[in-house]
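Biologist: I am new to this structure and would be grateful for a close look at a single part of it. Please begin with the place where a charge meets an aromatic ring, and then set that part in its surroundings.

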Amino acid sequence: FCDGDGTIERKKREVRIDSTNYKSLKDLCKLINSLGIKSRLHKFNDRSRIVINDLGLYHKKISFLHPRKVSILKEIINAG
């Protein structure tokens with residue numbers, strides 16, 4: 001799910017997961033939080049977004065399968 005609908009915002013140092021399916025994102029947000037990774041769910045008119053700021057913990061427990069996204073995530077984490 002994160003590889004397809006997730007992006008990394010370099011300037012804000014956060015992972016964003018967008019979808020038009022609010023219920024799925026709500027459930028995903030609960031799952032992410034249950035892993036100890038703080039995430040927030042925002043609802044817009046036609047879509048919703050999960051925002052994750054703890055990139056180190058996200059990388060350790062979930063991360064991405066997509067090599068480019070993993071590379072960017074590591075780059076941001078290492079930049080501190």
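Modeller: Arg-47 lies over the face of Phe-44, with 4.4 Å between the charge and the ring centre. Please bear in mind that this is a predicted model. A second arrangement of this kind involves Lys-43, whose charged end sits over the ring of Tyr-22 at 4.3 Å from its centre. As for rings paired with rings, the structure holds 1 aromatic pair.

The strands come next. Strand E3 covers residues 39-43, strand E4 covers residues 48-52, and the two pair in the antiparallel sense. Their pairing runs over 5 bridges. One of the bridge partnerships joins Ser-39 to Ile-52 in E4. Together E3 and E4 form a hairpin, and 4 residues lie between the two strands.

Within this hairpin, Ser-48 deserves attention. Ser-48 belongs to strand E4. Its relative accessible area is 2%, and since buried means under 20%, Ser-48 is therefore buried. Beyond its neighbours within four places in sequence, Ser-48 is in contact with Leu-41, His-42 and Lys-43, and also with Ile-17, Asp-18, Ser-19, Tyr-22 and Leu-25. Two of these names have already appeared: Lys-43 and Tyr-22 are the residues of the second charge-over-ring arrangement, and both are in contact with Ser-48.

From strand E4 the description can pass to strand E2, which spans residues 14-19 and contains Val-15. Val-15 counts as buried because its relative accessibility is 0%. Setting aside residues up to four places away in sequence, Val-15 touches Ile-50, Val-51 and Ile-52, along with Thr-7, Ile-8, Leu-55, Tyr-58, Phe-64 and Leu-73. Among these, Ile-52 is the bridge partner of Ser-39. Leu-73 stands 58 residues from Val-15 in sequence, yet the C-alpha atoms of the two are 8.7 Å apart in space.

Leu-73 leads on to Ser-63, because both Val-15 and Ser-63 touch it. Ser-63 is found in the loop between helix H3 (55-61) and helix H4 (67-79). With a relative accessibility of 12%, Ser-63 counts as buried. Apart from its neighbours within four places in sequence, Ser-63 is in contact with Tyr-58, Val-70 and Leu-73. Tyr-58 is also touched by Val-15. Ser-63 and Cys-2 are separated by 61 residues in sequence, while their C-alpha atoms are 8.2 Å apart in space.

The whole chain gives the setting for these parts. The protein chain has 4 helices and 4 strands, and along the sequence they follow the pattern α-β-β-α-β-β-α-α. Of its 80 residues, 35% count as buried. Among contacts with a separation of 6 or more, 46% join residues 24 or more positions apart. The C-alpha trace spans about 35 × 25 × 20 Å along its principal axes. A compact globule of 80 residues would have a radius of gyration near 12 Å, and the 12 Å of this chain agrees with that. The accessible surface comes to about 5,100 Å², and carbon and sulfur atoms account for 51% of it.

Note on methods: Residues are numbered from 1 along each chain as its sequence is written. This is a predicted model: local features need pLDDT of at least 70, side-chain atom pairs count only at pLDDT 80 or more; totals for chains, interfaces and linings use all residues. Side-chain values use heavy atoms; hydrogens and water are left out. Rings of Phe, Tyr and Trp (its six-membered ring) pair if their centres lie within 6.5 Å; planes under 30 degrees apart count as stacked, over 60 as edge-to-face and the rest as tilted. A charge sits over a ring if NZ of Lys or CZ of Arg is within 6 Å of the ring centre and within 35 degrees of the ring normal. Two strands pair if DSSP finds at least two bridges between them. The radius of gyration is taken over C-alpha atoms; the globule rule is 2.2 Å times the number of residues to the power 0.38. Buried means under 20% relative accessible area, exposed over 50%, partly exposed in between (1.4 Å probe, protein chains only). Contact means heavy atoms within 4.5 Å. Accessible areas come from the Shrake-Rupley method with a 1.4 Å probe; for residues, only the protein chains shown count as cover.
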